[in-house]
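The following exercises concern the structure shown below. Each consists of a task and a solution worked in steps.

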Amino acid sequence: MYKKIILPLILVFSVFLISSCWIYPDYKNYELKDGIYYFEDYETMKSVIIPMINKSFSAWHWSDEEFDKKYNKYFGNIEPNNDDVLLFSSSSYKYSLRNRSTNNKAKPMEKLKTGKIEAKSISGEYFWITTTNGAVIFYQN
């Protein structure tokens, strides 16, 4: 008798437990070329960069919403990477991601409040996102 009641209860409980877990989607429409990530859409870019940021900057712990806030707040704090912008015009990619481990000679440059560009050496890890219409960089020194 108990088996008839307990088994369905365990099954129902298990379904609720599993459905309450949210797993970050694993998007696949991006390319990693010479250490540079290229993405076709914003959501795919976020699915890759948020775990990277959270791992590198353990004090941040960004969620989707937090990433969107920071992305919009700091967008334009750096010039886009010209090589990536040129690539965008001949491909389906709209976003690129460069970081400290990227094998590139282009150094990030922070935009001053005056709008002028000052070459700045970022001492720690950074995440430089270039899009078809601008760029943003996240870093800690």
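Helices (H or I, at least four residues) and strands (E, at least two) are taken here as DSSP runs, numbered from the N terminus. By this convention Asn72 belongs to helix α3. The model is a predicted one.

**Exercise 1. Overall composition**

Task: State how many helices and strands the protein chain has, and in what order they run.

Solution. Step 1: the protein chain holds 4 helices and 7 strands. Step 2: read from the N terminus, the order of elements is α-β-β-α-α-α-β-β-β-β-β. Step 3: 32% of the 141 residues of the protein chain count as buried. Step 4: of the contacts between residues at least 6 apart in sequence, 60% join residues at least 24 apart.

**Exercise 2. The sheet**

Task: Determine the strand order of the open sheet and the sense of its pairing.

Solution. Step 1: 5 strands make up the open sheet, in the order β1-β2-β3-β6-β7, and their pairing is antiparallel. Step 2: β1 (30–33) and β7 are the edge strands, each of them pairing on one side only. Step 3: from one strand to the next, the twist averages 15°.

Step 4: the pairings can now be followed across the sheet. β1 and β2 are joined by 4 bridges, and Tyr30 stands opposite Phe39 in β2. Between β3 and β6 there are 5 bridges, with Tyr95 opposite Thr131 in β6. β6 and β7 pair over 6 bridges, where Thr131 has Gly134 in β7 as its bridge partner. A hairpin with 2 residues between the strands is formed by β6 and β7.

**Exercise 3. The two sides of β6**

Task: Establish which residues of β6 point one way, which point the other way, and how many are buried.

Solution. Step 1: in a regular strand, side chains alternate between the two faces of the sheet. Step 2: Tyr126, Trp128 and Thr130 point one way from β6, while Phe127, Ile129 and Thr131 point the other way. Step 3: 6 of the 6 residues of β6 are buried, and the strand is therefore mostly covered, given that buried means under 20% relative accessible area.

**Exercise 4. Packing of α2 against α3**

Task: Classify the packing of α2 and α3 from the angle between their axes, and describe the residues in contact.

Solution. Step 1: two packed helices are described by the angle between their axes and the distance between the axes. Step 2: α2 and α3 pack at about 100°, and their axes are 11 Å apart. Step 3: angles of 65 to 115 degrees count as roughly perpendicular, so α2 is roughly perpendicular to α3.

Step 4: on the α2 side the contact involves Tyr42, Met45, Lys46, Ile49, Ile50 and Ile53, which meet Asp64, Phe67, Asp68 and Tyr71 in α3. Step 5: these residues divide into 7 nonpolar, no polar and 3 charged. Step 6: α3 also lies across β3, β6 and β7, and runs at about 120° to β7.

**Exercise 5. The nonpolar cores**

Task: Identify the residues that touch the most other members of the largest nonpolar core, and find which element supplies the largest share of this core.

Solution. Step 1: the largest nonpolar core has 19 residues, of which Met45, Ile49, Phe67, Tyr71 and Ile129 touch the most other members. Step 2: at least two residues each come from β2 (36–39), α2 (42–56), α3 (64–74), β3 (95–99), β6 (126–131) and β7 (134–139). Step 3: α2 gives the largest share, 7 residues.

Step 4: leaving aside residues up to four places away in sequence, Tyr71 touches Tyr42, Met45, Tyr95, Ile129, Thr131, Val136 and Phe138. Step 5: there is a second, separate core of 5 residues, including Ile78, Tyr126, Trp128 and Ala135.

**Exercise 6. Two helix residues compared**

Task: Decide whether Ile53 is buried or exposed, and whether Asn72 is buried or exposed.

Solution. Step 1: Ile53 lies in helix α2. Its relative accessibility is 0%, so Ile53 counts as buried. Step 2: Ile53 touches Trp60, Trp62, Phe67, Phe127 and Phe138, not counting residues up to four places away in sequence. Step 3: Ile53 and Tyr126 are 73 residues apart in sequence, with 8.7 Å between their C-alpha atoms.

Step 4: Asn72, in helix α3, has a relative accessible area of 59% and is therefore exposed. Step 5: Asn72 and Val136 are 64 residues apart along the chain, and their C-alpha atoms are separated by 8.8 Å.

Key:
Residues numbered from 1 in each chain as written. Predicted model: local features only at pLDDT ≥ 70, side-chain atom pairs only at ≥ 80, totals over all residues. Heavy atoms only, no water. Core = buried A, V, L, I, M, F, W, Y, C linked by side-chain atoms within 4.5 Å. Buried < 20%, exposed > 50% of the residue type's maximum accessible area, 1.4 Å probe, protein only. Contact = heavy atoms within 4.5 Å. Pairing = 2+ DSSP bridges. Axes fitted to C-alpha atoms, helices over the stretch in contact; angles between N-to-C directions. Parallel < 35°, antiparallel > 145°, perpendicular 65-115°, else oblique. Nonpolar A, V, L, I, M, F, W, Y, C, P; charged D, E, K, R; others polar.
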